[in-house]
Amino acid sequence: MVPQNILMWKRALSGHAHLILLISNDFDTQTACNLAGISTVCIEHTVDGFPRFDLMMRKMETIRKNIGPGIVVFLNTDIEFGRGIESDLMTVINGLLWLGKNQVELLVADKFSSPFKHIGMSSYWFAAMNRWDVKNDGKRSTAYVHNAGGFDLWAWNIDAYGPSLLPFDIPPFRYPLASYDNWLLDMVNKAETRTVVDITGVTKAYHMNHDRKNYHDLSFDGDSGYYLNKYLALKNPDPMAKKHCLGCGTLVEAPYIVEKTGFNASTNVPVFNLKKRQKLSYIKNKNQVDEQVWTYTRKAENHLISISRYLSHSGRHRLKNLVGQRTNEDGYILLTAVTHNYRQFLLNLICNLERLGSSYDHLVIAALDYDVFQWGATRGLPIFFSPNLALEERALNESSYDYNSREFRAVTKQKSQATLKILQHNYSCSVVYMDVDITWFLDPFVALRQYMTSKSGLTIQSNAPLIIPHFPGQYFHPHASVSRVQSELESNGYRRLNSGLYVAPNSRIMRMAFTDITRAAVEGQYSEQQYFYYVLCSRAPSTTIGNNQCEYHHKSGNLRNHVLVNTLDRYQYPTGAVVVVTSAPNETSNIYDAGINQFENFSKHKVIAAHNNWIFGQKAKVGRLTKNGWWFLDDELCKYSGDESILGPLAM
């Protein structure tokens, strides 16, 4: 169901502006909006349910640039207008259009109680409107201007040649929690590329007063983003960013004010006036000067505990809480593990899952080094850190994690420990584990449901090379960066279990199996993958069965309790070493070279997931994903399939 006020906005803006609703990846909301003719844009949400403010702003600017030059206006959905949505929305739009025709001095707030600093002339601006807060009695007659920030409407103009809103990145604030709006206005002013304009006088925008929160208590409760927002505002890690001061970022910093002065009788269009302020007003009192502002800011900054210390105490990122919140109705979570070097692959996997359904809501991420934990938690990802999972040393470059390198072997040994940790932590929770370099074409929980029962045993991907159709003994190159391999009919051959994708239903014998795997891996010199085969298929009394199964038995010799190990169909779950014959027997292509349509055409099977392995180098991996349209990431912004629908011409 589309909220009534959104439908009213659509009617008011028809023929005058695009109405685009920023939402989470909610299929029902998208469908309802699309049926109502309202464009939607998906924005990634944090683990605590809030949208990322930086991604919201970047998405808005990207859309406007793709459509063409114009004005971006952000308006919160809980804003009400005095004379009605249609009348007041058009007043705002007319005011902004009028403002866009004016070239003014580029003035910035430099020092308190001093004239504004003159930079030059400019056609680029950032406008914001103070809201009118309505008290709990609901009477607009007693409403008052919220002049300390808390903007619910802001706008800026864009063309192909002008500056972006900011010349540096916005931190990953949670919207609509503390600090983000004051930081934004303060930074626009300090970037000195746009003039800040106060449009509070254009019309009255009312906002029902929320219950006041004790932000200090919220900052340290371990479960909110208030502290992170405050921390990021005062300690933005971008080296290009200016320093934010507490109390800064209110509309007293705007050197210009736009006011509505009446109506043109002949056109019935509002008449506006652009007024210049003489100097920067005070924040707190008439005695306030810059040194007091910065002393106050430094004092607050010094009271902030380090982000690492805060995150280590944050209940939101403890394994217990994540598992409790993100387990699905069948008792499963999706688990992946990542190092800082592979964080972009993690984001791409998240974008992939978001496009397919609700599986991302059940994803839990094991951080294999502290850098990636801090990076992920700051961005609100469902990530946990356990010191015994962390690598002892950081890789120096991306090639350090190439297949079979020392660092690669160290990384892979931590992944099965993360699975074991979850299985031991909560006996009712089972695990679907997947590497971050897997591309899914069907929701994982839908695809793997038949294997997610207590009687399924362990279901795992095979890493065995294969030519389709199989040519016994034939060699081929999966990729130019790796050696030739021989096609193998058996999917359970020597060391061919792929620990990058498996389904592990929780049971006592399953926990024993993973305990054996992790112990063997820690004691051995090879990668984790070798010990999956060794423990589950090779070490007596465990054994292989036929061409595609193994049977794990604990080394104690109890043959009654066992885990049946099944390998996934290589046609449906191909690795980089599963190829099809495209013409002559000597010409083969894997799914990345042939593309999914041609691969499926030759294999006669629908592909469910492809594993981007049997290749060296991150750049090469990204390259073949990009070539096939499977790189769903634009910096940190997910590209959704519906985004393109809003890039057409304005529908009048």
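How many disulfides does a search of the whole structure find? Three. Keep in mind that you are looking at a predicted model. We'll visit the disulfides one by one, then move on to two sheets and the helices that lie across them.

**Stop 1: C245 and C248**

Select C245 and C248 and show their side chains. A disulfide joins the two, with an S to S distance of 1.8 Å. Now look along the S-S bond: the torsion there is about -95°, so this disulfide is left-handed. Switch on a surface if you like, and you'll see the pair is tucked away, since C245 and C248 are both buried.

**Stop 2: C351 and C638**

Next, pick C351 and C638. Their sulfur atoms sit 2.0 Å apart and form a disulfide. Colour the elements around them: C351 belongs to helix 11 (residues 343–356) and C638 to strand 32 (residues 637–638), so this pair ties together parts that are 287 residues apart in sequence. Check the handedness here too: the torsion about the S-S bond is about -85°, so the link between C351 and C638 is left-handed. Both of these cysteines, C351 and C638, are buried.

While C638 is still on screen, add C42 to the selection. Why is there no bond between C42 and C638? The C638 sulfur is the closest cysteine sulfur to that of C42, but the distance is 9.3 Å, too far for a bond. C42 is out of sight as well: its relative accessibility is 2%, so it counts as buried. Another cysteine to click on is C429, which is buried with a relative accessible area of 1%.

**Stop 3: C537 and C550**

Now jump to C537 and C550, which form a disulfide with their sulfur atoms 2.0 Å apart. Is this link left-handed or right-handed? With 95° about the S-S bond, the link of C537 and C550 is right-handed. C537 is in helix 16 (residues 528–538) and C550 in strand 26 (residues 549–553), so the parts tied together here are 13 residues apart in sequence. As for accessibility, C537 comes in at 3% and therefore counts as buried. C550 is at 0%, so C550 counts as buried too.

Before leaving the cysteines, put the links side by side. Counting bonded cysteines along the chain, the disulfide pattern is 1-2, 3-6, 4-5.

**Stop 4: the three-strand sheet**

Switch to cartoon view and select strands 21, 28 and 29. They form an open sheet in the order 21-28-29, with mixed pairing. At the edges you'll find strand 21 (466–468) and strand 29 (588–590), each pairing on one side only. From one strand to the next, the twist averages 35°.

Zoom in on strand 28 (residues 578–581). Strand 28 runs parallel to strand 21, and three bridges join them. To find your place, select L466, which stands opposite V578 in strand 28. Then look over at strand 29: strand 28 and strand 29 pair in the antiparallel sense, also over three bridges. Here V580 has S589 of strand 29 as its bridge partner.

Show the side chains of strand 28 next. Which residues point which way? V578 and V580 point one way, V579 and V581 the other, and all are buried. Now bring in helix 18 (residues 596–603), which lies across strands 21, 28 and 29 and runs at about 70° to strand 28.

**Stop 5: the six-strand sheet**

For the last stop, select strands 3, 10, 7, 11, 13 and 14. These six strands form an open sheet in the order 3-10-7-11-13-14, and the pairing is mixed. Strand 3 (70–75) and strand 14 (269–276) stand at the edges with a single partner strand each, so one side of each is left without a neighbour in the sheet. On average, neighbouring strands are turned by 25° against each other, direction ignored.

Home in on strand 7 (residues 125–129) and strand 11 (residues 195–201): they pair in the parallel sense over four bridges. Click on W125 and you'll find that T195, in strand 11, is the bridge partner of W125.

Finally, add helix 5 (residues 180–191). Helix 5 lies across strand 7, strand 10 (153–158) and strand 11, and runs at about 150° to strand 7.

Conventions:
Residues are numbered from 1 along each chain as its sequence is written. This is a predicted model: local features need pLDDT of at least 70, side-chain atom pairs count only at pLDDT 80 or more; totals for chains, interfaces and linings use all residues. Side-chain values use heavy atoms; hydrogens and water are left out. Two strands pair if DSSP finds at least two bridges between them. Helices (H or I, at least four residues) and strands (E, at least two) are DSSP runs, numbered from the N terminus. Axes are lines fitted to C-alpha atoms, for helices over the stretch in contact, and angles run from 0 to 180 degrees between N-to-C directions. Contact means heavy atoms within 4.5 Å. A disulfide is a pair of cysteine sulfur atoms within 2.5 Å. Buried means under 20% relative accessible area, exposed over 50%, partly exposed in between (1.4 Å probe, protein chains only).
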